[in-house]
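Please open the model in a viewer and keep the sequence panel visible. The stops below are arranged so that each selection leads on to the next.

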Amino acid sequence: MHAIRQGAAGSVIVFAIMGWRAASADIDASLAAEINLGFGDTRGQNVQQTIELIPSIAADLGPNREAVVSLRLRLDPANTIEAGEAPTANFGSGSQPAVLGELGTLEVRDAYIEQRWQRGLVRLGKQQIVWGRLDGLKVLDVVNPMDFREFVLDDFADSRLSLWSLYADMTTGPWRTELALIPDASGHTIPAADSWFNLAAPRFRFGAAPGSQAPNAVTSRRSGAGAGLRLSRRVKSLDIAALAYTGLDHEPLGRLSVRGNIPMLEQYYERREVYGISIEGAAGPLAYRAEVSVQPDRIFNVAGAGTLAAESLDQVVAGIGFDVDGPWNTFINVQHLQDRVRQAPSDLVRPATDRVSTVFVRRQFAYETLGVTARWYYSHELGDQMAALTVNYALSDATRFTIDINRFRGDRTGLFGQFADRDRITLRIAHTF
């Protein structure tokens, strides 16, 4: 029998309460079931036997008021994609999933009440707040942390961690104002050392080379609150927005210590501030968007011979993307991101500059019964890259079959090259009841 750790009771209670509140209301309930079978690298190793169940309820509670609750039960007997028990130290208090031993997790994905008015809405509960506009690249999408168990291969809607928060969206004249208050201190979920997508590049191991022995690690529990403000309006044919956010950094820092003559690596978190602007528009068949963020005095690790320190540095991230409907009804998306740490010292753990380009191509066939999506990511610093091909077929309105092929190439110290031996083919069938 697998032990059930903290979070299970909370998940069940939230679902039961919301279901009870909706008992006398109009209810739209669904159950989505998904089975993933994954085969990895050239040896055809079976790395994934995931079963996911996603029950959800949306209930009309009165005039312009709705309650939404969804859970996700994820079981994986192969225990390779996420080796061992799922990590929980990155979660804030009250947000941890229920850990079912090494078998999987049960988590609350959404649990909120939304009240709408003519000029806006207020949403209270566990939710995602999406302020970025780029596809698969993060510049202004800074409110919610990510789960990297599948690296960046999952859709952000699936890998983005929902947070307990208050969100308000109001329109006054030409201005739209969005406010977020986030008492939930959860951060990125980083895969364990033996997981399939273990982040092995030096930038994710506080400077340690791939394959080198790392000290025993402990993670400080996160605590603290965040807040964000986004103002936007339309100016002629452009949508322009400005953003400000403050909260705990989702990425952990490291420091070395000795406990009882045993060297330890402590992972801890500092606060950060993010300021940014975005522009969206269209010119004929071409849609474009650009985002820029500035993070002043963000804390970064610097590593020397046997030392690990921290330094405050300014970071500037900029991204631009273009969408176009190509020939034969083919959708094409091209993007480029540049991430620079200003006046970076030579012993900075991460690269002083990151440049990543992406190309996404999507095509539907047979009256959208068959779909093909090709994605290509390229990191300019080391020339490493990732390619992903997805073919999905709608067996019916409720059932879909998908094949995913992921391929990585390049230097083992690179962003994508770190997974050079982690090619994978995944077969997936999803059904909604």
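**A salt bridge to begin**

Select E178 and R176, whose side chains meet in a salt bridge (3.6 Å, N to O). The term salt bridge denotes a side-chain nitrogen of Lys or Arg within 4 Å of a carboxyl oxygen of Asp or Glu. E178 is buried, at 3% relative accessibility, whereas R176 is partly exposed at 31%. Here buried means under 20% relative accessible area, exposed over 50%, and partly exposed in between (1.4 Å probe, protein chains only).

Before proceeding, please note that this is a predicted model, in which local features need pLDDT of at least 70 and side-chain atom pairs count only at pLDDT 80 or more, while totals for chains, interfaces and linings use all residues. Residues are numbered from 1 along each chain as its sequence is written, and side-chain values use heavy atoms, with hydrogens and water left out.

**From R176 to S232**

Keep R176 displayed and add S232, a residue of strand 10 (residues 226-235). Strands (E, at least two residues) and helices (H or I, at least four) are DSSP runs numbered from the N terminus. S232 counts as buried, with 11% relative accessibility. Which residues does S232 touch, not counting those up to four places away in sequence? They are P174, W175, R176, I240 and A241.

Follow the chain onward to K236, in the loop between strand 10 and strand 11. K236 is not a glycine, yet its phi is positive, at about 55°. With 81% relative accessibility, K236 counts as exposed. For a second example, select N64, in the loop between strand 2 (45-62) and strand 3 (65-75). N64 likewise is a residue other than glycine with a positive phi, near 60°; N64 is partly exposed, at 45% relative accessibility.

**W131 and the largest nonpolar core**

Return to E178 and select W131. Leaving aside neighbours within four places in sequence, W131 is in contact (heavy atoms within 4.5 Å) with E178, and also with L140, D141, V143, Y167, A180, G228, L229, R230, L243 and E291.

W131 also belongs to the largest nonpolar core, which has 38 residues. A nonpolar core is a set of buried Ala, Val, Leu, Ile, Met, Phe, Trp, Tyr and Cys residues joined through side-chain atoms within 4.5 Å. The members that touch the most others are W131, F151, F197, Y245, M386, F408 and F416. To trace this core along the chain, colour strand 7 (163-172), strand 8 (175-182), strand 11 (238-248), strand 18 (353-365) and strand 20 (385-394), each of which supplies at least two of its residues. Another core, of six residues, lies apart from it; V69, L71, V108 and A111 are among them. In soluble globular proteins, nonpolar side chains tend to be buried together.

**The aromatic cluster**

Next select F151, F197, F360, Y377, F408, F416 and F419, which form one aromatic cluster. How many aromatic pairs does a search of the whole structure find? The search finds eight. Rings of Phe, Tyr and Trp (its six-membered ring) pair if their centres lie within 6.5 Å; planes under 30 degrees apart count as stacked, over 60 as edge-to-face and the rest as tilted.

Zoom in on Y377 and F416, a tilted pair with centres 5.7 Å apart and 50° between the planes. Y377 lies in strand 19 (residues 370-379) and F416 in the loop between strand 21 (399-409) and strand 22 (424-432), so the pair ties together parts that are 39 residues apart in sequence. Both rings belong to buried residues.

**Charges on display**

Select K138 with D141 and F156. K138 forms a salt bridge with D141, with the closest N and O atoms 3.3 Å apart. D141 is buried, at 6% relative accessible area, while K138 is partly exposed at 29%. The charged end of K138 also sits over the ring of F156, 5.2 Å from its centre; this requires NZ of Lys or CZ of Arg within 6 Å of the ring centre and within 35 degrees of the ring normal. R363 and F365 offer another such case, at 4.4 Å.

Move on to E381 and R355, whose salt bridge brings the closest N and O atoms to 3.0 Å. E381 lies in the loop between strand 19 and strand 20 and R355 in strand 18, so the pair ties together parts that are 26 residues apart in sequence.

Finish with E66, E114, R116 and R123, which are linked in a network of salt bridges. The structure holds 29 salt bridges.
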